[in-house]
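Open the model in your viewer and keep the selection panel handy. We will pick out a few pieces in turn and see what each one touches.

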Amino acid sequence: MNAGRAHLVLLLVAVAGVGLSVSSWTRAAAVRLGETQGKAPEVATASASDMGYCSGELKVILKRVLTSCGLVAGGSSRGCQPLQARQVASMSGGDFNALFSPLADRAAILQFDKDSDQIDGASSELMEKTFSDRRGASYFFVVSRASPEGSTEHNRDLSHRRGNAVLEHIRAKFQDPDIDQEVGLLWLGEEFAQLDQQFCQWKRSRTGDACGTAELNRSSFIAWIDCRL
Amino acid sequence: MSQTDYGQHEVGATSPRKTLILLAVFALAGVIFAGVSSYDFIAHLDRQVHAITCSIVPGIGPKDISGESGCHTVLMSPYSSVLRDLTWGGIPIALPALGVFAFLLFRAVDLLLRKRMTRAETGFMVAATALPVLTSIVYGIVSATQIGTFCKVCVGIYASSLGVFVAAIAAHILTSPPKEKSKSGILGQWGFYFVEGLAMVALPVLFYLTFKPAYTDSLLHTSGLRHPEDKYGVMLDMHGKGQVPAVEVLDPLCPACKGFSERLAASGLGEQLQIKVVLFPLDKECNWMVSESLHAGACAVSEAVLCAGDRASKVLAWAFANQDDLRARGGGGQSAVYARIKQEFPDLASCLGQPAVRARVNKGLRWIVANSLPVLTPQLFVRNQKLPDEDTDLGLDYVLSRVLAQGAGEVRR
């Protein structure tokens, strides 16, 4: 083979090698693109959290409570009074409190002085810490109570004022535009679901003080609920 | 073309043959490295994520599937291709490199198969091999100064370039000078080789442009934000030069976000945008949507960006520049990241970790939930139209320029 012919053959081999490689790579990419076109990407979509403890039963009760308390439906009246809470929960006070058992790490008990709705420094700090630790939760519960001293009506009103004080503090501190859709108020007075001694182990604003049922129930129980309804 | 016209010489004792073999070996290595690099680039034309080769010995060692190698960084950098706004992904630099090395290999083998060669031929080889050397020098400087990392495959190309150049010089020196010189003949011969070389470089580019997947406008039909309003006050206004409203969702410790930011800046298209940033840290410390922290420490850094107020862009730029260090610290817990931030920005110490700023980070995540965005970063919305996630890297220039043109009523066909 003379030099000129060898030169031409080599040139053709080089051209063919490069050309075929590049064309096969690009055509393969085009085929793959055609196959994936129109298919939804396999990426998770951002959503509120839905923890394992959010059983179907719990969600039904939560929805009932939230709807009746004017939270989900967006009704004009806000909050659940003791009798309403008892009716919508359709359960005993003990069972109602048991609903919150999985929230031990998420909840806090803001304690008040006797016959007072004033939020002290420790309660304020604990409240802000708890509220800011929202994570993916959708609803924030404020369940206020009163100890049995005094009349039932007075304690109902007192627990109502305690709940409102907490809500107003959160509203002022965090300026959350969704606050009316996410904070559920329940004021139970002394009539329903009083906290028992075991809640002394939970996060409280007055950890150094004595903890009896009277002290425990002069309180607002607050917690984010990590359930999607 | 006759070789006898302008002084050819028999290969004697000082034969350049061995150096030509060496040149052919280096050229073959260049073909392999440039081929691997081209293949990896072209694979991404399907708009998907692919593992890429990142080894000084291609085929040996695992491919990079995490996207954390220097090869991935270089591939996704604005310097891996040219003419990005004219065709999706642009034309990869490795493609003409493949043509150049294939041409050098062809020339070396062609000379080896002959019994005689001229200094004109070896002189042309010196000139031809100078091109990849010069390109390698430029890209080596770009890697060191602009990209901040080197890719092993690219280093292979640099070494091959140097190898062919040195071998060509040696071959030229070892080739006896002609007894008679014919300048016009030499120029004609060089011109012929130059055309051959040009064809070898143009051919892969032509094949690439001919067979590459077409980008249809239907790919641009993506949903926008359901709730673009900033009712939580979580958007950070940081790039205020342009007029076109845009929202960028990013994680300050996400390498892809850093790369995206660099590509956007390099494209020049970012200057047309009035970008507002929403932070989406993919760190389980504050983000319930990830079971494992993809970018540990991102929650603490997000707090710092929010705490910085008007200096948010400065803190974000610092976080981008120190991503590796911050992520490594984040793996050991938030406190190590806080300590590093406080060291760099002491005035942020009183704000970091406080309920108010944590609530702001959370509000940003809630804004993302409200808009049902995919759990990934970065994401860019221009005039409330989402730039497809697959087009935020190699296709950014091309697709963003189309989106901007569409908005201006000047759709380029």
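Start by selecting Ser124(A), Met127(A), Glu128(A) and Phe131(A) in α5(A), then add Val166(A), His169(A), Ile170(A), Lys173(A) and Phe174(A) in α6(A): these two groups meet each other. Keep in mind as you look that this is a predicted model. By class, this contact holds five nonpolar, two polar and two charged residues.

Now show both helices whole: α5(A) covers residues 121-132 and α6(A) covers residues 152-174. They pack at an angle of about 65 degrees, and their axes are 11 Å apart. Turn the view until one helix lies over the other, and you are looking at a right-handed crossing.

Next, bring in the strands. In what order do the four strands of the open sheet lie? Reading across, you will find β1-β4-β2-β3 of chain A, with mixed pairing. Colour β1 (107-111) and β3 (183-187) of chain A to mark the edges, where each strand pairs on one side only. Direction ignored, neighbouring strands in this sheet are turned by 15 degrees against each other on average.

Zoom in on β2(A), residues 139-144, and β4(A), residues 219-225: they run antiparallel and are joined by six bridges. Here Ser144(A) stands opposite Ser220(A) in β4(A).

Finally, bring the helices back. α5(A) packs on the sheet and touches β1, β2 and β4 of chain A, its direction making about 160 degrees with that of β1(A). α6(A) also packs on the sheet, touching β1, β2, β3 and β4 of chain A, and its direction makes about 160 degrees with that of β3(A).

Terms used:
Residues numbered from 1 in each chain as written. Chains lettered and ligands numbered in written order. Predicted model: local features only at pLDDT ≥ 70, side-chain atom pairs only at ≥ 80, totals over all residues. Axes fitted to C-alpha atoms, helices over the stretch in contact; angles between N-to-C directions. Left-handed = near helix turned anticlockwise from the far one by under 90°. Contact = placed C-beta atoms within 7 Å. Nonpolar A, V, L, I, M, F, W, Y, C, P; charged D, E, K, R; others polar. Pairing = 2+ DSSP bridges.
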